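Visitor: I have a structure open in front of me and would like to learn how to read it. Could you walk me through it, feature by feature?

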Amino acid sequence: MSSTDIAIHQTDMHHGHDEHDHDHDQNFIEKYIFSQDHKVIAKQYLFTGIAWAFIGGFLSVLFRLQLGWPEATFSFLEPILGGWVQNGKLDPEFYLALVTMHGTIMVFFVLTAGLSGTFSNFLIPLQIGARDMASGFMNMLSYWIFFLSSVIMFASLFIETGPAGGGWTVYPPLSALPQAISGSALGMTLWLISMALFVVSTLLGGINYITTIINLRTKGMSMTKLPLTIWAFFLTAIVGLLSFPVLLSAALLLIFDRSFGTSFYLSDIYIAGEALSNTGGSPILFQHLFWFLGHPEVYIVIMPAFGIASEVIATNARKPIFGYRAMIGSLMGISVLSIIVWAHHMFVTGMNPFLGSVFMFLTLIIAVPSAVKVFNWLATLWRGNIRFTTPMLFAIGFVSIFISGGLTGIILGNSALDIQLHDTYFVVAHFHLVMGAAAFFGMFCGVYHWYPKMFGRMMDEKLGYVHFWLTFLAVYLVFLPMHYVGIAGFPRRYYNWTGFETFNIFTDLNTFISIAAILGFFAQFVFLFNFIYSMFKGRRSPLNPWHSNTLEWTTPINPGHGNWPGEIPTVYRWPYDYSKPGAAEDYIPQHIPFSETQSSNLPQERVLE
Amino acid sequence: MSTTTTLEAPNTGTWDGGNEPMKASYGKLMMWFFLLSDAFTFGAFLIVYGLARHKHMPYTGKADDFTFSTEWWPIPEKVYNAFPGLHGMDLPLAFVALMTMILILSSVTMVLAVEAGNRMDKNDVQKWLLWTILFGATFLGCQAWEWTHFITGTEEGMLLADGTRIFGANLTMNQYGPPLFADLFFFITGFHGTHVLSGVVLLIMIFINTVNGVYHKRGHYEMVEKVGLYWHFVDLVWVFVFTFFYLI
C-alpha cells in the first residue's frame with residue numbers, strides 16, 4: 001500500500017513540476033501574490049474573508065460577554081483590550097465601536113468581498129468555460145485595493161480613540177462631528193477612507209464579472225444554459241454596480257462635512273452648549289443615500305448564496321432544479337425590487353406616511369420572488385435521491401434559516417408594526433438570520449462543495465457534520481430568543497440595560513443567548529481546522545467528486561492558469577440533467593452532446609441529435 | 001441522426017456563447033459598465049442638489065431688485081454674470097455658455113479622432129486628439145477662472161445683519177446665498193472637473209501611444225474609442241450639471 005502511495009506522490013509532484021515549467025516560469029510573487037489567475041485571486045479573497053470572519057466573530061463574542069453578564073468584571077480581557085477595560089468594565093464607547101466594527105466587517109468584508117469575491121472569481125470562468133476573467137489585471141487590482149481597504153480598517157482597530165463607533169450605518173450628525181464621541185474621531189475618518197476604497201474594489205470586480213459572463217461564455221453556453229450560480233453572480237454584480245456608487249457619493253459628502261466644513265448633512269446643531277455654524281443640510285439625506293446602497297447590499301450578500309444553494313441542492317438531490325426559469329426570473333425580480341425599497345429602513349424618520357405605505361407595498365412584494373425560490377428548493381428536494389454531504393447539509397440549513405428569517409421580514413416590512421419593532425432585537429434577529437447566518441451557510445456550502453476544485457483534496461465529512469450541527473443549533477439558539485426580547489421592546493445598541501426595570505427579567509435569556517453565541521463561535525474553529533488540515537492531509541479528490549454536471553469538473557484536478565489544458569469544452573445542454581430517465585448514469589455533464597445520449601433524449605431533444 | 005454535422009454542433013445564436021453578443025469587445029463593455037456606475041454617482045450628487053434647492057426658499061421679488069441673501073437661493077443669472085477682461089459688465093451666463101461650447105466642440109473633435117481611427121489614419125487621429133486635448137484643457141482653464149471669481153466674490157459682497165460685508169465664497173460661508181449653494185457648487189463642479197482632468201490625462205496618454213504607433217501596430221484604434229466613450233460621458237454629465245446649476 002505504502003509503495004503505491006509514494007508512487008502517486010511522485011507522479012503528482014512530477015506533474016506539478018512539469019506544469020510549472022511550461023507555465024512561462026512564473027516566480028513566487030507572480031504566481032501567489034500579484035497573480036492574475038482568477039483561481040488564485042478567489043483563494044486570496046477566501047483567506048482574507050475567513051480572517052475577517054474570525055475577527056468579526058471575536059468582536060461579537062466581546063459584546064455578547066457584556067450583554068450576557070452585565071454585572072461581571074472582565075479583568076481577564078485587559079491583556080488584549082488594554083485601556084478599553086477600566087476596572088474590569090468594558091468602556092461604553094468601545095462597546096459601540098465593537099458593534100459598529102462587527103457590522104461593517106461582517107457585511108462588507110466577509111459577506112460581500114469574502115463571498116462574492118471568492119465564488120464569483122472562482123466559478124465564473126470555470127463554469128462558463130473561459131480561460132480567465134476578461135481582465136486579469138483589473139481582477140488583481142480589485143483584490144489588492146480590497147486588501148488595502150482591509151489594512152486601513154484593521155489599523156483603525158488599534159488607534160487610541162478606537163475604531164468608528166457610530167453604527168455600521170454611520171448616520172450623521174453623530175458620525176460627522178469628531179467632537180461627538182471618540183468613535184467619530186480618527187476611526188471614522190479611516191472607516192470612510194477604507195469604505196471608499198472598498199467601493200472602488202467592488203466596482204472593478206463587478207465590471208469584470210458582468211463583462212466576463214456576457215462575452216466569454218464558451219460555445220453553446222447560452223444564457224439559459226448557465227448554472228444558477230452564474231446567474232446569481234451576474235445579477236449580484238449588476239446590483240452592486242448600480243448601488244455602490246451611491247455609497248461612494250454619500251461617503252464623499254460625509255468626508256467633506258467632517259473634514260472641510262461643508263453642511264451637506266448638518267444643520268442647527270448644538271454640541272456641548274455651543275452652536276455650530278453649519279446650516280441648511282439634512283441628516284435624512286444621508287439615510288436616503290446610504291440605504292440606496294444599504295438595501296441592495298443585503299441582496300448582494302444573499303444572492304450568491306441563493307445561487308450556490310441552488311446548484312448544491314440540485315446536485316445532491318440528484319434531480320434537475322425545479323423551475324429553472326422561475327429561479328432566474330425571481331432573481332431578476334429581487335434585483336429590481338431591491339433597488340426601490342430602501343426607505344423601509346426609514347419608516348420612523350418622520351417621512352410622509354403615504355410614502356411609507358408605497359415603500360411598504362414594494363417591500364412586501366419581495367416576498368413573492370423569495371417564496372418562489374424557497375418553494376423551488378423544496379420541490380427540488382421533494383422525492384430526490386438525497387445525498388447528505390456536508391455542502392448539502394449547509395444548503396438545506398440555508399433554506400431553513402432563510403425561511404425563518406424571511407418570515408419576520410414580512411412583519412418588519414409593515415410600516416405600522418415597524419413603529420414598535422424598530423431598533424429592537426427583533427430587527428437584529430431578523431437580519432442576522434436572513435442575511436447573516438443564511439449567507440454564511442451559503443458560503444460554507446460553497447467552500448465544502450468547491451474545496452476539491454480549489455485544493456484538489458476533500459474536506460473531512462465527519463468534522464463537516466460536527467461543524468454543521470453545532471453551527472446550525474447555535475444560530476437558532478442565539479436568534480430565536482432574540483425575537484422574543486425584541487417584541488418586548490428590548491432596544492439594540494444599548495451598552496447596559498440593567499437600569500431599566502422592564503428589561504431586567506430578560507437577564508437569564510441574555511445570558512443564554514451569549515452562551516449559545518460563544519459556543520457557535522468556537523464551533524467555527526472546527527471548520528478552520530478542517531479547512532487548513534484538509535489542504536495538506538485531506539483525502540485526494542477524484543476528478544468529479546460530486547458527480548456534478550457543470551464545466552468546472554471537466555478541468556484537471558488542479559487546473560493550471562488557463563483552466564483547460566486543451567480546447568475549452570463546448571456546451572450542449574443545461575446543467576441540471578440529473579437522473580434523466582434512460583440515461584446510463586444519474587448525471588449528464590453539460591459538454592456531452594445529445595448524440596451520445598440517445599437513450600435518454602426527450603422527444604423535443606431528438607432534433608438536436 | 002441524418003447528418004453528423006448537426007450531431008456535434010452546438011447552437012450558434014447571438015447569445016449562445018463563443019462570441020461577443022453585443023458586438024463589443026470586453027474592454028468596451030467594461031467602459032460602458034463603468035460609465036453606468038459613474039452615472040449613478042453623479043445622479044446622487046445632482047439629486048442632493050435638487051433636494052437642497054427644494055429645501056431653501058426661492059427668491060420671489062422682482063428680478064431687478066435682487067440682492068444676495070442667505071434667506072433665499074440665488075438666481076443663477078445674477079451669480080454667474082462675469083466675463084474675463086470685461087470688468088463690471090452684467091453678462092449673465094455668457095462665460096459658462098462659452099465653456100459649454102468649448103466642451104461640446106471637444107466632443108466633436110473626439111468623434112473625428114475615433115472616426116480617423118476606424119480609417120487607420122494615424123495623422124488624423126493625432127490631429128483630432130490634439131484638438132480634443134486643447135479644448136479639454138481650455139475648459140479646465142475656464143473653470144479655474146470661474147472658481148477664482150466665485151471665491152473672490154463681487155465688489156458689493158453680501159451685507160450681513162450686523163452691518164459687515166462678506167465677499168466671495170468658500171465651503172463655510174458664501175456671499176451669494178445659503179452656504180450650501182457654494183458647497184454644492186464646489187463639490188459638484190469640482191467632481192466633474194476631476195473627471196475632465198482624468199480625461200485629459202487619458203487623452204495625453206493615448207496621444208503619446210498614437211504618436212509612437214502603438215495602435216497602428218496593434219491593428220486597431222479601439223483604445224481611442226474607449227477613451228472617447230469616457231469623454232462623451234463627461235461631456236454629457238456637464239450638460240446636466242449646467243442645467244442644474246445655471247438654468248433652473
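**Reading chains B and A**

Guide: Gladly. Chain B has eight helices and four strands, where helices (H or I, at least four residues) and strands (E, at least two) are DSSP runs numbered from the N terminus. This is a predicted model, in which local features need pLDDT of at least 70, side-chain atom pairs count only at pLDDT 80 or more, and totals for chains, interfaces and linings use all residues. Residues are numbered from 1 along each chain as its sequence is written, while chains are lettered from A and ligands numbered from 1 in the order in which they are written.

Visitor: In what order do the helices and strands of chain B come along the sequence?

Guide: The pattern of chain B is α-α-β-β-α-α-α-β-β-α-α-α.

Visitor: Is chain B compact or spread out?

Guide: A useful yardstick is the radius of gyration, taken over C-alpha atoms, set against a globule rule of 2.2 Å times the number of residues to the power 0.38. Chain B has a radius of gyration of 24 Å, well over the 18 Å that the rule gives for 248 residues, so it is more spread out than a compact globule. Its C-alpha atoms fill a box of roughly 95 × 45 × 25 Å along the principal axes.

Visitor: And how does chain A come out by that rule?

Guide: Chain A holds 17 helices and four strands. Its radius of gyration is 25 Å, close to the 25 Å that the globule rule gives for 609 residues, so chain A is as compact as a globular protein of that length. The C-alpha trace of chain A spans about 80 × 55 × 45 Å along its principal axes.

Visitor: What share of each chain is buried?

Guide: The idea is to count neighbours: a residue is buried if 20 or more other C-beta atoms lie within 10 Å of its own, exposed if 12 or fewer, and partly exposed in between, with C-beta atoms placed from the backbone. In chain A, 53% of the 609 residues count as buried; in chain B, 33% of the 248 residues do. For an in-between case, take A:Gly489, in the loop between helix H16 (461-487) and helix H17 (507-537) of chain A. A:Gly489 has 15 other C-beta atoms within 10 Å and is partly exposed.

Visitor: How do I read one helix, say H12 of chain A?

Guide: Start with its length: the expected span of a helix is 1.5 Å times one less than its number of residues. Helix H12 (residues 367-381) of chain A has 15 residues and reaches 21 Å from its first C-alpha to its last, close to the 21 Å expected. Then look at which residues are buried: in H12(A) they are A:Pro369, A:Ser370, A:Lys373, A:Asn376, A:Trp377 and A:Thr380. Seen down the axis of H12(A), these fall within an arc of 125°, so they line one face of the helix; the arc is that of the directions from the helix axis to the C-beta atoms. An α-helix has 3.6 residues a turn, so residues three or four places apart point the same way.

Visitor: What does that buried face of H12(A) pack against?

Guide: Here we use contacts, meaning that the C-beta atoms of two residues, placed from the backbone, lie within 7 Å. The buried residues of H12(A) pack against helix H9 (283-317), helix H10 (324-338) and helix H13 (390-412) of chain A. Just after H12(A) comes A:Arg383, with a positive phi near 55°.

Visitor: Which residues have the most contacts inside the largest nonpolar core?

Guide: A nonpolar core is a set of buried Ala, Val, Leu, Ile, Met, Phe, Trp, Tyr and Cys residues joined through C-beta atoms within 7 Å. The largest has 230 residues, and A:Ala309, A:Phe398 and A:Ala438 have the most contacts inside it. Helix H5 (residues 92-128) of chain A gives this core its largest share, 22 residues. Leaving aside neighbours within four places in sequence, A:Ala438 touches residues including A:Ile302, A:Phe398 and A:Leu433.

Visitor: How many residues does each chain bring to the contact between them?

Guide: Chain B gives 37 residues and chain A gives 41. On the side of chain B, helix H1 (4-8), helix H2 (26-55) and helix H6 (179-211) each give two or more residues, with the largest share, 16 residues, coming from H2(B).

Visitor: What does the UniProt record add for chain B?

Guide: An unreviewed UniProt entry lists "transmembrane region" for stretches including residues 29-52 and 229-247 of chain B; positions are in the numbering used here, feature names are shortened, and annotations may be inferred rather than shown by experiment. In the model, residues 29-52 of chain B are 100% helix, with end C-alpha atoms 35 Å apart. Residues 229-247 of chain B are also 100% helix, with end C-alpha atoms 26 Å apart.
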